[in-house]
Amino acid sequence: MKIVRAADYEEMSRRAAGVIAAQVILNPASVLGLATGGTPVGAYEQLAIWHKNGDLDFSGVTSVNLDEYCGLEGTHPQSYRYFMQKNLFDHVNIPAENTHLPSGTADPAAECARYEALINSLGGIDMQLLGIGHNGHIGFNEPGPAFERDTHAVTLSAETIHANARFFVSADEVPRQALTMGMGAIMKAKRVLLVASGTEKADILDRALNGPITPEVPASILQLHPDLTVVTGGI
Ligand code: GLP
């Protein structure tokens, strides 16, 4: 495990973007596993700047995102498809047909099977970017009795609904269910890049990286990953 301690959010974002950019430069045909949430937004902004300046080419890249809310069309402003378009895809040259997220409006069981097969057909993920939820979730792999391997539907925890309500008009509007990539695809990614910012993430990050490996803290499984880079900001 490699830990980069940046002083603040801006430095964390630049450092994380640098790791992703190096991945794309070294392997222009990379399969990038991408994440939503507030934490990676600054890194996406930096990648867009490097692309605009002519220093970074995404034309050979394929992306697979971690998760999507059930019931939201990709055009819904709180859907993760919309988030990715707004924060990254609209600003770089990843071919649109090479950007993948689970569909929140398809039949959940069929969509999970399709998404799992898609990731496998791409040969897995070269670099997976992750944030961490306040309860230790990665993607939408919530705390529970077991690590789930494959893409699956989840009922979001009260804590996650509360945490993500800031993006919605009210907590009542936060979908109760989501589809998420499972731990299998994440752990099989050749490299994992975890970003976390702010003192409110310090405790859960410490439990994830230094505590017991348990599905009650889903991110703790990353201790077993052979190529994990953690970039923190202000922690
Ligand atoms: C959501 C996403 C996660 C993300 C988490 C933390 O629940 N499904 O992938 O890591 O939020 O978000 P933030 O970075 O805003 O704290």
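1. A residue is counted as near the ligand if one of its heavy atoms lies within 4 Å of it. In this predicted model, 14 residues surround the ligand, and those that come nearest are Gly38, Thr39, Asp67, Arg166 and Lys201.

2. Several polar contacts of the ligand may be noted. An oxygen atom of the ligand is 2.7 Å from a backbone N or O atom of Gly38. The side chain of Arg166 places an N or O atom 2.6 Å from an oxygen atom of the ligand. At Gly139, a polar backbone atom lies 3.2 Å from a nitrogen atom of the ligand. Taken on its own, the ligand has 390 Å² of accessible area, of which the protein covers 96%.

3. Where does the ligand sit? The space that the ligand takes is the largest pocket.

4. The next point concerns the main sheet. Strands of a sheet pair through backbone hydrogen bonds, either parallel or antiparallel. Here an open sheet is formed by seven strands, in the order S1-S10-S9-S6-S2-S3-S5, with parallel pairing. At its edges are strand S1 (2-6) and strand S5 (99-100), each of which pairs on one side only.

5. Within this order, one pairing can be followed at the level of residues. Strand S2 (residues 31-34) pairs with S6 in the parallel sense, over two bridges. Opposite Leu32 stands Met127 in S6.

6. Which strands pair with S8 in the antiparallel sense? Strand S4 (residues 67-69) does so over three bridges, S8 itself spanning residues 177-180. Strand S7 (residues 152-155) also runs antiparallel to S8, and four bridges join the two.

7. Individual partners in S8 can be named as well. Asp67 has Thr180 as its bridge partner in S8, and Asp67 is also one of the residues that come nearest to the ligand. Gln177 in S8 stands opposite Thr155.

8. Is Gly123 buried or exposed? Gly123 counts as exposed because its relative accessibility is 58%, and the cut-off for exposed is over 50%. The residue belongs to the loop that runs between helix H4 (108-121) and strand S6 (127-130). Between the C-alpha atoms of Gly123 and Ala189 the separation is 9.7 Å, although these residues are 66 residues apart along the chain.

Terms used:
Residues are numbered from 1 along each chain as its sequence is written. This is a predicted model: local features need pLDDT of at least 70, side-chain atom pairs count only at pLDDT 80 or more; totals for chains, interfaces and linings use all residues. Side-chain values use heavy atoms; hydrogens and water are left out. Buried means under 20% relative accessible area, exposed over 50%, partly exposed in between (1.4 Å probe, protein chains only). Two strands pair if DSSP finds at least two bridges between them. A polar contact is a pair of N or O atoms within 3.5 Å; within protein, one must be able to donate a hydrogen and the other to accept it, and residues adjacent in sequence count only if both atoms are side-chain atoms. Accessible areas come from the Shrake-Rupley method with a 1.4 Å probe; for residues, only the protein chains shown count as cover. On a 1 Å grid over the protein atoms alone, a cavity is a set of points where a 1.4 Å probe fits but cannot get out, and a pocket is an open set with protein on both sides within 12 Å along at least five of seven lines; lining residues have an atom within 4 Å of a point. A molecule sits in a cavity or pocket if more than half of its atoms lie within 2 Å of its grid points.
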